[in-house]
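Dear colleague,

I am handing over the structure below, together with an account of what was found in it. Please read the notes alongside the sequence and the coordinates.

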Amino acid sequence: MQCILVPGYDLASSQAALTLAANHTDVDAAVGIHPHYAGEATAEDWTRLERLSEDPRVVAIGEIGLDFFRNLSPRDTQQSGLQRQLELASRTGKPVLVHDRDAHPEIIEALLTWRGPGREPKGVLHCFSGDASMALQLADAGYLISFALPVTFSSAAGPRAAAQALPDGSLLVETDAPWLAPGGRGARNEPTTALRVAAELARLRDTTPQAITEQVARAYARLVGGQVA
């Protein structure tokens, strides 16, 4: 199976993700309001987002979460936006794509107390930046852990330890394009970045890139309720 999941970060990008999914059979869409933009969302935006979420081509709610590093929206607004979209995911029966930066305790509490969409996986911790303990706790609660290029950095001790500790079938790979490109700021991120991530996960887990890609395909199919091609 080859597929790209495109998340929204505000209303306009959520609509754009849905348009991409409508025009490309190998693209899935998610809709959501990122914590950076939670402070800008109007009542009408939230209403329209709920309407978008009902489209059958939308496979997840996201990108949602908390970012206490940049704090581009007030923290209480971020938290209310997160709770609002967790409730939306429950109503629509769809998993969540979760952004977490410098908000590990708050994210853990929010996700462990959320009942979920009524199926597993409940969602994905995107571009995981926590440690092995956090990853195992959330994986045990029904979440997938997704790794991007930083897992290849020797300085990323927490994510690298998590990648080694997680059980089979609980991880995904991603690019986080246009961010986190090989070469740093200003460089172009490509889908092939995911291959670099898979290769590093294989090395950390003492297996083969092929085994990693097979695990990821099965995990993704479980996430969106599809079948592995």
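**Findings: His-34 and its surroundings**

The side chain of His-34 makes a polar contact with the side chain of His-99, at 3.3 Å. Please note that this is a predicted model. The side chain of His-34 also reaches the backbone nitrogen of His-36, at a distance of 2.9 Å. His-34 is placed in the loop between β2 and α2, the latter spanning 43–53. With a relative accessibility of 6%, His-34 counts as buried. Leaving aside residues up to four places away in sequence, His-34 touches Tyr-9, Glu-63 and His-99.

**The sheet**

The sheet is open and consists of 7 strands in the order β1-β2-β3-β4-β5-β6-β7, with parallel pairing. Its edge strands are β1 (4–6) and β7 (171–173), each of which pairs on one side only. From one strand to the next, the twist averages 30°. As general background, strands of a sheet pair through backbone hydrogen bonds, either parallel or antiparallel.

The pairing of β1 with β2 can be followed residue by residue. Strand β2 covers residues 27–31, and 3 bridges join β1 to β2, the two running parallel. Leu-5 has Asp-28 of β2 as its bridge partner, while Val-6 stands opposite Ala-29 in β2.

How many of the residues of β2 are buried? The count is 5 of the 5, so β2 is largely enclosed by the rest of the structure. Val-27, Ala-29 and Val-31 point one way from this strand, whereas Asp-28 and Ala-30 point the other way, and all are buried.

The loop between α1 (11–23) and β2 holds Thr-25. In contrast to the strand residues just described, Thr-25 is exposed, with a relative accessible area of 86%. From C-alpha to C-alpha, Thr-25 and Ala-157 are 37 Å apart in space, and they are 132 residues apart in sequence.

**The helices**

Three of the helices are described here, beginning with α2. The buried residues in α2 are Asp-45, Trp-46, Leu-49, Leu-52 and Ser-53. These residues cover an arc of only 120° around the axis, which puts them on the same side of α2. Ala-43 and Arg-51, on the other side of α2, are exposed. The elements that cover the buried residues of α2 include α1, β2, β3 and α3.

Helix α3, residues 75–92, lies across β3 (58–67) and β4 (96–101). Relative to β3, helix α3 runs at about 160°.

Helix α5 spans residues 132–140, and its buried residues are Ala-132, Met-134, Ala-135, Leu-138 and Ala-139. Seen down the axis of α5, these buried residues fall within an arc of 160°, so they line one face of the helix. On the other side of α5, the exposed residues are Ser-133 and Asp-140. The cover over the buried residues of α5 includes β4, α4 (104–113), β5 (123–125), β6 (143–147) and α6 (157–165).

Both ends of α5 have a feature to record. At its start, a side-chain oxygen of Asp-131 comes to within 3.3 Å of the backbone nitrogen of Ser-133. Just after α5, Gly-142 takes a positive phi of about 105°.

**Cysteines**

How many disulfides does the model contain? The count comes to 0. In general terms, a disulfide is a covalent bond between the sulfur atoms of two cysteines. For the count, a pair of cysteine sulfur atoms has to lie within 2.5 Å. The cysteine sulfur closest to that of Cys-3 belongs to Cys-127 and is 19 Å away, too far for a bond. Likewise, the closest cysteine sulfur to that of Cys-127 is the one in Cys-3, at 19 Å, so no bond is possible at that distance.

The surroundings of these cysteines can also be stated. Cys-3 is partly exposed, with a relative accessible area of 30%, whereas Cys-127 counts as buried at 17% relative accessibility.

With kind regards

Methods:
Residues are numbered from 1 along each chain as its sequence is written. This is a predicted model: local features need pLDDT of at least 70, side-chain atom pairs count only at pLDDT 80 or more; totals for chains, interfaces and linings use all residues. Side-chain values use heavy atoms; hydrogens and water are left out. Two strands pair if DSSP finds at least two bridges between them. Helices (H or I, at least four residues) and strands (E, at least two) are DSSP runs, numbered from the N terminus. Axes are lines fitted to C-alpha atoms, for helices over the stretch in contact, and angles run from 0 to 180 degrees between N-to-C directions. Contact means heavy atoms within 4.5 Å. Buried means under 20% relative accessible area, exposed over 50%, partly exposed in between (1.4 Å probe, protein chains only). The arc is that of the directions from the helix axis to the C-beta atoms. A polar contact is a pair of N or O atoms within 3.5 Å; within protein, one must be able to donate a hydrogen and the other to accept it, and residues adjacent in sequence count only if both atoms are side-chain atoms.
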